[in-house]
Amino acid sequence: MNAGIVGLGRYLPERIVTNADLEKVMDTSDEWIRTRTGIEQRRIADDDTNTSDMAFVAAKKALQDANLSPEEIDLIIVSTVTPDQPFPSVACLLQERLGAKKAAAMDVSAACAGFMYGIITAKQFIETKTYQNVLVVGVEKLSKVTDWSDRNTAVLFGDGAGAAIIAPVSEGRGILSFELGADGSGAKHLYQDKYIVMNGREVFKFAVRQMGESCINVLEKAGLTKEDVDFLIPHQANIRIMEASRQRLELPIEKMSKTIDKYGNTSASSIPIAMIEEIEAGKIKDDDIIVMVGFGGGLTWGAIALKWGK
């Protein structure tokens, strides 16, 4: 029995902050941001919207997409590094608000690789027949841990949520292979003190190498080749890192998801947000081979090869 994605939902705050807006408050320029990151604007949640609020909207949409009731969810996994508070977990707040009375609930902290960690954790419960339906949410309110006077990090991040229902899917579809990894020796390059602190040069070098390697590794594990890949959904961190992954797979540019220009780096929510965008645009179809790959603070990384469809 294979586990796969049977429902998706997302939430993006209404407020748009453009590069031109940032030019007014810090020493930067639209041209500098676009050429180095690919970002043109990002969504920022208002003060009254917390991480659990965004997770709730995305989760409701995912349940509707999967045609499931909250009572049918067995486990809730929320991937976030920006919870409402240290505890209770966002997952517990979400469980109560959804009315998912029989669901266990926990948060996963793997930064921008969090959605990959959440999906692979859910996969184990589904394929061992422990649970039938698992809700995985990647959600971040990075704006509350961003130093808006630091032009090296403030231009990068946005807020948002993406949710997926993981459940059994038909033979041959779903998650075909995965890779999870961590390198704690790189923790010093990307962490949160009061605000996000990043050694951009070191993170860039790590990400370019690891994203490409992980893409190749999950294909080999699944018995697939680069030619089998129909679509790549990389973590939307930096267009140059994303391009390096695409080139490693030798994919044409139209076969890689790109939402970073509109939403910036939304950490654990970037992959599900991008996936929904591409499905709505008709770029992902049943039985397509999809590679998802992400990296984040920790340092952490994860990749998945899957055949799309229920």
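This tour proceeds through one sheet and two pockets of a predicted model.

**The sheet**

Begin by selecting strands E8, E13, E12 and E11, shown here in the order in which they lie in an open sheet of four strands. The pairing within this sheet is mixed. Colour residues 174-182 and 231-234 next; these are E8 and E11, the edge strands, each of which pairs on one side only. From one strand to the next, the twist averages 10°.

Now restrict the view to E8 and its partner E13, residues 300-307. The two strands run antiparallel and are joined by eight bridges. For a specific position along this pair, display glycine 174, which stands opposite lysine 307 in E13.

Add helix H5, residues 114-127, to the view. This helix packs on the sheet and touches E8, E13 and strand E12 (289-296). The direction of H5 makes about 125° with that of E8.

**The largest pocket**

Leave the sheet and select Leu156, Leu190, Met198, Gly200 and Val203. Of the 34 residues lining the largest pocket, these are the closest to its centre. The volume of this pocket is about 780 Å³.

To see which elements form the surroundings, show the following, each of which supplies at least two residues of the lining:

- helix H2 (30-37) and helix H6 (151-154);
- strand E9 (190-192) and strand E10 (196-198);
- helix H7 (200-221) and helix H8 (239-249).

Highlight H7 in particular, as this helix gives the most to the lining, with five residues. If the lining of the largest pocket is then coloured by class, 18 residues appear as nonpolar, twelve as polar and four as charged.

**The second largest pocket**

For the last stop, select Gly7, Leu8, Asp65, Ile279 and Trp308, which lie nearest the centre of the second largest pocket. This pocket has a volume of about 210 Å³, and its lining consists of 15 residues.

Display strand E1 (2-11), helix H3 (51-66) and helix H10 (270-280), the elements that give two or more residues to this lining. Which of the elements provides the largest share of the lining of the second largest pocket? Strand E1 does, with six residues.

Finally, apply the class colouring to the lining of the second largest pocket: six residues are nonpolar, three are polar and six are charged.

Definitions and conventions:
Residues numbered from 1 in each chain as written. Predicted model: local features only at pLDDT ≥ 70, side-chain atom pairs only at ≥ 80, totals over all residues. Heavy atoms only, no water. Pairing = 2+ DSSP bridges. Axes fitted to C-alpha atoms, helices over the stretch in contact; angles between N-to-C directions. Contact = heavy atoms within 4.5 Å. 1 Å grid on protein atoms, 1.4 Å probe; cavity = no way out; pocket = protein on both sides within 12 Å on 5 of 7 lines; lining within 4 Å. Points joined across faces, edges and corners; volume = space filled by probe spheres on them. Nonpolar A, V, L, I, M, F, W, Y, C, P; charged D, E, K, R; others polar.
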